[in-house]
Amino acid sequence: MLNGINKRVKRMRIAIYGNDKPTSSKVASELSKLVNDSKVLELDELNPEVVISVGGDGTLLSAFHHYDDMTEKVRFVGIHTGHLGFYTDWRDNEVQQLVESLEHDNGQSVSYPLLDIEVNYSDEGKPDYMVALNESTIKKMFGTMVAKVYIKDYLFESFRGDGLCISTPTGSTAYNKSVGGAIISPKFNAVQMAEMASINNRVFRTIGSPIIIPPTESITIVPQVSLHNVLTCDQLLVMDRPIKSITYKISKRRIYFAKYRHTHFWERVNNSFIGDNLND
Ligand code: NAP
Ligand code: MN
């Protein structure tokens, strides 16, 4: 019989993930005090339902990778303590409002596509599987990177240049944008490949423009073996083994953000890149 005696408030489990800047530490300790004092929230770094990153986009990327085996169970929230903060919806002076929103949480979320990366090595060891929130790049530290690019199993081009950048829609405003890729709304389940300084002349030819693939396709890059190839996954450097091939596709997994307030994607893009410069 449930007469209320056995009723116990189930607290929502919160993890706080900050960078080590003094402003972030201050916000993180203010936040953990408010969570500790709350009757409906509790701190749980190991098995959180909501992860709050305190810092900038780099911090949110690290938080994502820290909890990347739990992406289906966790929702992220970003508090912004300086820098750009494309992924972060809350300012550092809004900690109180954020805690109130957490206390009234009803599971609302918004989700975005992720990038699956499979790396095969020429040493015949086991492949690596990774997931990126922004992008993965394959570059060569010096000299020209030479690689075959396949779409599905179709040999599409031979690439020569600095490297290639394969990004998600939410990552399309990061590295991808710097190398001339398009900004893609995260409502598209898509992956984009953009070139970094490709060599194009009578002898060597690449497509020259960014390409975008749907969930049914994949991109495989087979770089010419070199000790100087560098593979990245978001802010992380991946390897010190010789790479045979890398296959990219849209992940079946997605990242979830707690949607207490929702900044429209294009407003977010405007805030980050145009701001007040809307002159006549
Ligand atoms: P960082 O050097 O601080 O990142 C470069 C800038 O990109 C920062 O202003 C960062 O914002 C911003 N940023 C990150 N993700 C973004 C996104 N999805 N949309 C718009 N801007 C974004 O290094 P980091 O903070 O560790 O971030 C790693 C990311 O840097 C990589 O995933 C890559 O996208 C990017 N990156 C860009 C270049 C380039 O444009 N040439 C070169 C290397 C890496 P915060 O200031 O809030 O951190
Ligand atoms: Mn950063």
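**Exercise 1. Two loops**

In the loop between which two strands does Lys152 lie?

*Solution.* Before the first step, note that this is a predicted model, in which local features need a pLDDT of at least 70 and side-chain atom pairs count only at pLDDT 80 or more, while totals for chains, interfaces and linings use all residues. Residues are numbered from 1 along each chain as its sequence is written, chains are lettered from A and ligands numbered from 1 in the order in which they are written, and side-chain values use heavy atoms, with hydrogens and water left out.

Step 1: helices (H or I, at least four residues) and strands (E, at least two) are DSSP runs, numbered from the N terminus, and Lys152 lies in the loop between strand E9 (145-151) and strand E10 (154-167).

Step 2: the phi angle of Lys152 is near 55°, a positive value in a residue other than glycine.

Step 3: buried means under 20% relative accessible area, exposed over 50%, and partly exposed in between, with a 1.4 Å probe and protein chains only; Lys152 is partly exposed because its relative accessibility is 45%.

Step 4: Asp234 also has a positive phi near 55° and is not a glycine, and its place is the loop between strand E14 (229-233) and E15. Asp234 is buried because its relative accessible area is 8%.

**Exercise 2. The surroundings of ligand 1**

Which residues come nearest to ligand 1, and how many nonpolar, polar and charged residues make up its shell?

*Solution.* Step 1: a residue is near a molecule if one of its heavy atoms lies within 4 Å of it. There are 18 residues around ligand 1, and those that come nearest are Asp57, Gly85, Glu135, Thr173 and Ser178.

Step 2: sort the shell by residue type, where Ala, Val, Leu, Ile, Met, Phe, Trp, Tyr, Cys and Pro count as nonpolar, Asp, Glu, Lys and Arg as charged, and the others, Gly among them, as polar. The shell then holds six nonpolar, nine polar and three charged residues.

Step 3: look for polar contacts, which are pairs of N or O atoms within 3.5 Å. A polar backbone atom of Asp57 is 2.8 Å from an oxygen atom of ligand 1, a polar backbone atom of Thr170 is 3.0 Å from a nitrogen atom of the ligand, and a backbone N or O atom of Tyr175 is 3.2 Å from an oxygen atom of the ligand.

Step 4: accessible areas come from the Shrake-Rupley method with a 1.4 Å probe. Ligand 1 taken alone exposes 810 Å², of which the protein buries 67%.

Step 5: the elements that give two or more residues to this shell are helix H2 (57-66) and helix H4 (175-178), and H2 gives the most, with three residues.

Step 6: with domain bounds from an automatic or database assignment, the shell draws at least three residues from each of domain 1 (12-108 + 259-273) and domain 2 (113-252).

**Exercise 3. Helix H2**

Is H2 mostly covered or mostly open?

*Solution.* H2 is mostly covered, with seven of its 10 residues buried. These buried residues are Asp57, Thr59, Leu60, Leu61, Ala63, Phe64 and His65.

**Exercise 4. Aromatic pairs**

How many aromatic pairs are counted, and which residues do ring pairs link into a cluster?

*Solution.* Step 1: rings of Phe, Tyr and Trp (its six-membered ring) pair if their centres lie within 6.5 Å; planes under 30 degrees apart count as stacked, over 60 as edge-to-face and the rest as tilted. By this rule there are seven aromatic pairs.

Step 2: Phe86 and Tyr87 form an edge-to-face pair, 6.1 Å centre to centre with 80° between the planes. Phe86 is buried because its relative accessible area is 4%, and Tyr87 is buried because its value is 5%.

Step 3: Phe265 and Trp266 form an edge-to-face pair, 4.9 Å centre to centre with 75° between the planes. Phe265 counts as buried because its relative accessibility is 11%, whereas Trp266 counts as partly exposed because its relative accessibility is 41%.

Step 4: ring pairs link Phe64, Phe76, Phe86, Tyr87, Tyr112, Phe257, Phe265 and Trp266 into a cluster.

**Exercise 5. The whole chain**

How many helices and strands are there in the protein chain?

*Solution.* The protein chain has five helices and 16 strands. Its C-alpha trace spans about 80 × 55 × 35 Å along the principal axes, and 47% of its 280 residues count as buried.

Terms used:
Polar contact = N/O pair within 3.5 Å; in protein donor to acceptor, adjacent residues only side chain to side chain.
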